[in-house]
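User: I am new to this structure and would like to go through it step by step. Could you take my questions one at a time and show how each answer is reached?

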Amino acid sequence: LHDALPIFKRLESRLPRQQFKRIHRSFIANLCRMDSIGHMRIYYGETSIPISDSYKDAVYQFVNSHLA
């Protein structure tokens, strides 16, 4: 996993910041395509992915300022 982190960070830097946000150590989410956001999870239809505690403030701030 540690070998994948630099690759993941590079991928994150190439994605449009106004659309994609890191929500977990293992997930980058397209927040413009989400269906809903709940208790520490983002939902895309029946599929959900977790929001880690370390990223939650940034995720909720982004959603409130860009998608409200």
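User: In which loop is S52 found, and is S52 buried or exposed?

Analyst: In this predicted model, S52 is found in the loop between β5 and α2, the latter covering residues 56-66. Its relative accessible area is 14%, and because buried means under 20% relative accessible area, S52 is buried.

User: Which residues does S52 touch, not counting residues up to four places away in sequence?

Analyst: Leaving out residues up to four places away in sequence, S52 has three names on its list of contacts. One of them, M40, is also in the turn of the hairpin that β3 and β4 form. The residues that S52 touches are I23, H24 and M40.

User: In what order do the 3 strands of the open sheet lie?

Analyst: The pairing in this open sheet is antiparallel, and the twist averages 25 degrees from one strand to the next. The edge strands, each pairing on one side only, are β3 (36-38) and β5 (47-50). With those two at the edges, the order of the strands is β3-β4-β5.

User: How many bridges join β3 to β4, and what is the bridge partner of I37?

Analyst: Strand β4 covers residues 41-44 and runs antiparallel to β3, to which it is joined by 3 bridges. Among the paired residues, S36 has Y43 as its bridge partner in β4. For I37, the bridge partner in β4 is I42.

User: Which residue in the turn between β4 and β5 has a positive phi?

Analyst: The two strands β4 and β5 run antiparallel and are joined by 4 bridges, among whose partners are Y44 and, in β5, T47. They form a hairpin with 2 residues between them. The residue in that turn with a positive phi, of about 60 degrees, is G45.

User: How many salt bridges does a search of the whole structure find?

Analyst: Side chains of opposite charge can pair when their charged atoms come close. One such salt bridge is formed where the side chains of E12 and R22 meet, at 2.7 Å from N to O, and it links distant parts of the chain, with E12 in helix α1 (residues 4-14) and R22 in strand β1 (residues 20-24), 10 residues apart. Another is formed by the side chains of D53 and K56, at 3.2 Å from N to O. The search of the whole structure finds a total of 2.

User: In the salt bridge between E12 and R22, which residue counts as buried?

Analyst: E12 has a relative accessible area of 28% and is partly exposed. R22 has a relative accessibility of 8%, and because the cut-off for buried is under 20%, the residue that counts as buried is R22.

User: And is D53 buried or exposed?

Analyst: Its salt-bridge partner is K56, which at 27% relative accessibility counts as partly exposed. D53 has a relative accessibility of 54%, and because exposed means over 50%, D53 counts as exposed.

User: With which side chain does the side chain of N30 make a polar contact of 3.5 Å?

Analyst: N30 lies in strand β2 (residues 27-30) and, at 15% relative accessibility, counts as buried. Not counting residues up to four places away in sequence, N30 touches Q19, F20 and Y44. The side chain that the polar contact of 3.5 Å joins to that of N30 belongs to Q19.

How values were computed
Residues numbered from 1 in each chain as written. Predicted model: local features only at pLDDT ≥ 70, side-chain atom pairs only at ≥ 80, totals over all residues. Heavy atoms only, no water. Salt bridge = Lys/Arg side-chain N within 4 Å of Asp/Glu carboxyl O. Buried < 20%, exposed > 50% of the residue type's maximum accessible area, 1.4 Å probe, protein only. Pairing = 2+ DSSP bridges. Axes fitted to C-alpha atoms, helices over the stretch in contact; angles between N-to-C directions. Contact = heavy atoms within 4.5 Å. Polar contact = N/O pair within 3.5 Å; in protein donor to acceptor, adjacent residues only side chain to side chain.
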